[in-house]
Amino acid sequence: MLSYSQSDFSEQAYRRLEPVCEENRVLSEYSPEVTRHLAEADCLLVETGIAVDKAMIIAAPNLKYIGVFGTGCGRIDVNYSASRGITVCNTPGYSTEGVAEFAFGLILEHIREIERAKSQARGGNYSGFGYRGHEIKNKKFGVIGLGQIGRRIAEIASDGFGADVSYWSRNRKPDAEKTGFRYADISAVLSSSDFLSINLTHVPATDKFINANRINLIKPGAVVVHLAPIEVIDLDALEKRLKLDDITFILDHSDELSPEQAVRLARYRNCVMYPSIACITQEAKQTKLGLLIENVENYLNGNPSNMVD
């Protein structure tokens with residue numbers, strides 16, 4: 001188990017793992033012991049965001065199964081794994097509610113200046129003078145990627161806040177359109193939305209999918225919430241747009257930035273960065289852990305679940 005800590009697993013979870021493991025090791029990704037244990041491992045469980053590249057897989061000649069403690073598999077060499085007959089499984093859907101709720105927490109914090117207000121009140125100033133809030137109701141709300149999280153965000157925007165929701169996804173969702181979400185070309189969604197939520201998974205086809213042309217289409221004044229892997233954004237193009245100071249870009253996958261990238265983006269007051277906490281709720285943690293172990297059990301029973309193509 002790579003890049004876990006003992007606190008990731010409850011006593012009950014360890015008991016479920018015991019019958020299916022001859023031996024288990026919990027290691028940091030930086031541990032000097034990784035290579036030695038890979039040589040003997042037939043199962044590798046990794047935290048989401050940990051790179052499992054061809055070199056690592058070659059270092060594990062007996063490897064048969066990779067389990068991802070999360071949804072994103074963009075840093076797993078899935079193609080090489082498949083060529084070796086290695087099954088890769090993830091834990092989709094565990095944090096849908098937590099991430100969707102967090103998206104609106106970020107939006108409300110920004111448009112209602114909540115951080116500024118808390119700081120001011122702590123200093124003893126309780127005046128509302130000078131605040132200029134905005135509402136979500138009747139605004140155009142665009143969703144890029146209508147998977148489980150994107151759809152839940154669209155539902156909250158529409159049913160909870162009364163926004164006018166349009167979406168683009170690689171595959172149209174007729175059932176979602178019946179509930180009132182309008183499908184539109186991605187260019188139209190980018191150029192018309194007052195609020196924009198980007199919810200793409202990272203696969204080769206979405207690497208830097210939000211490229212310079214698409215970033216330049218974003219409506220001036222828009223608030224963009226990016227709770228997707230950082231790899232789907234062209235960061236050089238994003239920085240150029242941030243220099244214009246005509247959009248606000250909010251992200252929570254800051255841990256996926258290199259130190260140099262983080263320093264560059266932090267220069268811009270219209271780029272708001274959070275730790276990767278959108279998926280961290282107690283409910284999501286228990287669901288994710290259950291799925292991870294269930295995937296291992298199902299694989300050993302000959303019926304693998306949540307396989308990654």
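This passage describes strand 7 and its partners, and then the second largest pocket, in a predicted model.

Strand 7 spans residues 195-198. Both of its faces are covered. Phe-195 and Ser-197 lie on one side, and both are buried. Leu-196 and Ile-198 lie on the other side and are likewise buried.

Strand 7 pairs with strand 4, which covers residues 140-144. The two run in the parallel sense, over four bridges. Within this pairing, Val-143 has Ser-197 of strand 7 as its bridge partner. Ser-197 is also one of the buried residues of strand 7.

Strand 7 is joined as well to strand 8, residues 223-226. This pairing is parallel and holds four bridges. Here Ile-198 stands opposite His-226 of strand 8. The chain passes from strand 7 to strand 8 by way of helix 10, residues 212-217. The resulting β-α-β crossover is right-handed.

The second largest pocket encloses about 680 Å³ of space. Its lining comprises 24 residues. Closest to the pocket centre are Glu-23, Asn-24, Ala-41, Asp-42 and Cys-43. Three elements, helix 2 (34-38), strand 1 (43-47) and helix 13 (282-300), each give two or more residues to the lining. By residue class, the lining of this pocket divides into 16 nonpolar, two polar and six charged residues.

Methods:
Residues numbered from 1 in each chain as written. Predicted model: local features only at pLDDT ≥ 70, side-chain atom pairs only at ≥ 80, totals over all residues. Heavy atoms only, no water. Buried < 20%, exposed > 50% of the residue type's maximum accessible area, 1.4 Å probe, protein only. Pairing = 2+ DSSP bridges. Right-handed = clockwise from strand over helix to strand, strands pointing away. 1 Å grid on protein atoms, 1.4 Å probe; cavity = no way out; pocket = protein on both sides within 12 Å on 5 of 7 lines; lining within 4 Å. Points joined across faces, edges and corners; volume = space filled by probe spheres on them. Nonpolar A, V, L, I, M, F, W, Y, C, P; charged D, E, K, R; others polar.
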